[in-house]
Amino acid sequence: MTVALNAPLDDWVTRLADEAVAFAEQNDTPVKVASGISPSGPIHLGNLREVMVPHLVADELRRRGIAVEHIISWDDFDRFRKVPKIDGVDESWEQHIGKPLTRVPAPHGSDAANWAEHFRRELEAALIELGVTYRGISQTQMYTSGAYTDRVLHAMSERRRIDTILERYRTLDKAKKGGATDADAAAAAAEAADAASGSAEEADGSGDSGYYPYKPYCSVCGTDFTTVIAYDDESTALEYQCRCGHTETVLLREHTDGKLVWKVDWPMRWAFEKITFEPSGVDHQSPGSSFAVGKDVAPIFGWRRPLGPMYAFVGIRGMAKMSSSKGGVPTAAIALRYLEPPLLRWLYGRKKPNQSFDVALDGELPRTYDEWDALTRKVSGDKAQPGDIAAYARAASVADPAAGAVRELPLTPRPMPYRTLASVVDITTGDDEQTLRILSALEPDEPLTGLDVLRPRLDRATAWVAEQMPAEERTVVRAERDAAALAALGDEERAALRLLLDGSGTPAPAGLGRLEDDWTLAGITHQVYGVAKVQRGLGADQIVKGDKELGAAQRAFFVLLYRLLVGGDTGPRLPTLLLAIGAERVRELVGEDRIQPN
């Protein structure tokens, strides 16, 4: 379904796109948006917001025919801060703390050249699926090639001015923390550090020997546990000493094995690339943090701090705030195992950047699909609001700068409810033949001839059932009837089961026929929900509202069926469950010879 963005909008994407154009025009430069990603560990769904906010703004501008470039800066020259708890990594990686990420070995079993490449590649593959167009920049390559040498020398020559700026913020930060307890300050710092890549709380270059915004990596041990102890502006001779005991003097105009400290590095890169729009997380925008300081540091490099909306945390249902360095957190690649790309795009587009939200990969994930399907139906009709149309279009398509046109992202041709697909896959344990049989019966007016029209949604549901479906929601049909439970049935329960299997003698819809007479989802639904009504002298198709006694009777009957069929009080929707099990097997489990009156 192709949907065009041709209505006036007042949503966050439109507003930020307008502001990005205005900012670029004021600075007489093209629109250039940026993201910064540190591949220090699994690049989680919180990091993905760093990419998706500028991507959606760039996509909006491309749809308008405005040239825009999206840069992703891979901060792979950052230091390795801590060893995450992830597969393929053990305590031996402790020896690499302090080294650049591109000089740390990849986890065991990876064919990547180094740690940074291993985690970068996973996100790169996910971004292709998500339709994100960008130009990637390796900070290792930029620093070691000497591309930043002139800027590094400039920063060192302006170090006193930079130190004066930073001191104002250090004082402000101390004053602000003065009103909080040490415990409060420590907790806030820990939360920010854990949620981010770690650059936000890096040292700013201060030291006992003076202020130096450049930090070299040691030529002996390879770490950044170094301290600059002297620098000569005229010769650019820089002397440093390392924790390992090594002391060395290098010529900074030739030295390319080090980097500017973060609060200087970021503004320098804004100027180098002429960035006009770059969002950042809460950890970078608190008073005294890098984005705030960057406002005053950027002019030293001849540029203005770009537009930079703050984005809030992204959580996962059932998990604490995410941290790349801790590992064990859901990444975009993991989410895309269960969510089709347009749905994941939609989750990031429907909330303002400063609004936090959760991505549900647990038992609530089917609800996400239900909401998306409701939006799709609305947009397919004639009552959709401009905001609905925009939300769908931005999720389901992207402006392709190479083709000069809008490109649709792959969607499932026949999107059956995710919850139904998951239930059927669960019951059939993924058997294609049985899955096709059951799903064909669900919609007899439009019979399925194969499963391909259900993909990729069916594949996502299959992966979710195998990897994420809560254990308590798994369905295991009894291998044999529960003789003890059947023998203990009361008269009313026996009568209810006879009605389910053999009907009431009155033809449907007012009455109930044999269970097999209408072996469709609609027919089975009529049978299952009609039992309690017929037992109370009502028509099987009679609409009854507010009858608490009838509601309680229906619930009790449903529980009885679940116990006899799957040994629990709950399970998939009963009509779908019965359809999956088959009429013959249902009779075996609640068989006629077992429900005769005492």
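## Charges and overall build

Let's start with the charges: the protein carries 70 positive and 88 negative ones, and the mean positions of the two sets are 3 Å apart. Keep in mind that this is a predicted model. Along the principal axes, the C-alpha atoms fill a box of roughly 105 × 55 × 50 Å. The accessible surface comes to about 26,400 Å², and carbon and sulfur atoms account for 50% of that.

The protein has 23 helices and 14 strands. Of its 598 residues, 51% are buried. If you take contacts between residues at least 6 apart in sequence, 70% of them join residues at least 24 apart.

## A parallel pair and the annotated motif

Two strands from the early part of the chain make a good place to begin looking. Strand β1, residues 31–37, pairs with β2 in the parallel sense, and seven bridges join them. To find your bearings in this pair, look for S35, which stands opposite I72 in β2. Strand β2 covers residues 68–74 and is mostly covered itself, with six of its seven residues buried.

Now for something from a record. UniProt lists a short sequence motif, the 'HIGH' region, at residues 39–47, and the entry is unreviewed. In the model, that stretch is 33% helix and 0% strand. The C-alpha atoms at its two ends are 10 Å apart.

## The β5–β6 hairpin

Further along, strand β5 (residues 226–231) and strand β6 (residues 237–242) run antiparallel and are joined by five bridges. One pair to pick out is A230 with its bridge partner in β6, E239.

The two strands form a hairpin, with five residues between them. In that turn, T236 has a positive phi of about 65 degrees.

## V398 and its contacts

V398 sits in strand β13, which spans residues 397–400. Is V398 buried or exposed? Buried is under 20% relative accessible area, so V398, at 1%, counts as buried.

Which residues does V398 touch once neighbours within four places in sequence are set aside? The list is H55, D59, R63, L130, G131, R345, A405, V406, R407 and L409. There is also a C-alpha separation to check: V398 and P342 are 56 residues apart along the chain, and their C-alpha atoms are separated by 9.9 Å.

## Helix α15, a covered helix

Helix α15 runs over residues 418–428, and 10 of its 11 residues are buried. Those buried residues are Y418, T420, L421, A422, S423, V424, V425, D426, I427 and T428. In an α-helix there are 3.6 residues a turn, so residues three or four places apart point the same way. What do the buried residues of α15 pack against? Four helices: α13 (365–380), α16 (432–442), α17 (457–467) and α22 (574–581).

Y418 belongs to this helix. Its relative accessible area is 0%, so Y418 is buried. Leaving out residues up to four places away in sequence, Y418 touches Y338, L365, P366, Y369, R457, R460, A461 and W464. The C-alpha atoms of Y418 and T462 are separated by 10.0 Å, with the two positions 44 residues apart along the chain counted as their spacing.

## Backbone oddities

Most residues other than glycine have a negative phi, and most peptide bonds are trans. Here are some spots in this model that go the other way.

Right after α15 comes T429, with a positive phi near 50 degrees. T429 is not a glycine, and its place is the loop between α15 and α16. Is T429 buried or exposed? With a relative accessible area of 70%, T429 is exposed.

K274 is another non-glycine residue with a positive phi, this one about 60 degrees. You'll find K274 in the loop between α8 (262–273) and β9 (280–281). K274 has 42% relative accessibility, so it counts as partly exposed.

Where is the cis peptide bond with omega near 10 degrees? It runs from R455 to P456, and P456 lies in the loop between α16 and α17.

Conventions:
Residues are numbered from 1 along each chain as its sequence is written. This is a predicted model: local features need pLDDT of at least 70, side-chain atom pairs count only at pLDDT 80 or more; totals for chains, interfaces and linings use all residues. Side-chain values use heavy atoms; hydrogens and water are left out. UniProt positions are given in the numbering used here, feature names are shortened, and annotations may be inferred rather than shown by experiment. Buried means under 20% relative accessible area, exposed over 50%, partly exposed in between (1.4 Å probe, protein chains only). Contact means heavy atoms within 4.5 Å. Accessible areas come from the Shrake-Rupley method with a 1.4 Å probe; for residues, only the protein chains shown count as cover. Lys and Arg count as positive and Asp and Glu as negative; His and the chain ends are not counted. The place of a charge is taken as NZ of Lys, CZ of Arg, CG of Asp or CD of Glu. Two strands pair if DSSP finds at least two bridges between them.
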